Amino acid sequence: TLFCARKAVLSERFRGVDAGDSKIMHIGSIVHEILQRALRERLLTIDKVRSVTEEILSSPSIIQLLYSCKLSMKELQLDLEPFITRIFQFMQQYVADTTGVYSVSKNGNVQPYEGRIGEVRDIEENIWSPRLGLKGKIDATVTVYQPNNPRLRQLVPIEIKTGKASFSFEHKGQLILYQMMMQDMGRQIESGLLLYIKDGLMSEFQATRPDE
């Protein structure tokens, strides 16, 4: 498929089968799906998060995943277990609005987000900006608010990462591009959220004039 015009379609259909790091990629995809289901369906107990995880793992596509990654179901479940706990903690802190701290920043100037998630507007939203000549897919589009003013709600994109929290220029740049693309669509976007679910850290970033 190196020079095939249908390369993008084939890559989507058979993604990860011949990738060297397919295990990490597939686990990341499953974690994304679990968290997105938790947001969409407002799963506020760990039993519900586990139930959705079991439902996802029972799908036929998981058989192909296990075969391509040379994994057993037990190994996959063990790899997912830490993420299940983190997703539950995330839902308690940012959706259920319970007391406590979900994350403590250890990245110097990067501060944990203190707002709350109100409404989930979209999951895996396809976005296109003719002006920038870019297409993208936003992990989650939500409204957020501050605890001291729940009536004032703001629309933000959330970019979910399953690796170690790095807050790299690439990750922040991706989030800033989503903000610019959403603004091109006429939406009032002032910032975006970058979530590292493995480390339990979510921070807010705003596109400044130098970034643009």
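This short talk covers helix H5, a residue that touches it, and a pocket it helps to line.

First, the ground rules. This is a predicted model, so to speak of local features we need pLDDT of at least 70, side-chain atom pairs count only at pLDDT 80 or more, and totals for chains, interfaces and linings use all residues. Residues are numbered from 1 along each chain as its sequence is written, and side-chain values use heavy atoms, with hydrogens and water left out.Now H5, residues 73–94. Helices are DSSP runs of H or I with at least four residues, strands runs of E with at least two, numbered from the N terminus. H5 has 22 residues and reaches 31 Å from first C-alpha to last. That is close to the expected 32 Å, taken as 1.5 Å times one less than the number of residues. At Leu80 there is a kink of about 35 degrees, shortly before Pro82; the angle is between axes fitted to the seven residues ending there and the seven starting there.

Buried residues of H5 include Leu76, Leu80, Phe83 and Ile84. Buried means under 20% relative accessible area, exposed over 50%, partly exposed in between, with a 1.4 Å probe and protein chains only. The partners they pack against include helices H2, H3 and H4.

Thr53 is in H3. Why does Thr53 count as buried? Because its relative accessibility is 5%. Leaving out residues up to four places away in sequence, Thr53 touches Ile34, Leu80 and Ile84, where contact means heavy atoms within 4.5 Å.

Last, the lining of the second largest pocket includes Asp79, Pro82 and Phe83. A pocket is an open set of points on a 1 Å grid over the protein atoms alone, where a 1.4 Å probe fits, with protein on both sides within 12 Å along at least five of seven lines; lining residues have an atom within 4 Å of a point. H2 and H5 each give two or more residues to that lining, and H2 gives the most, four.
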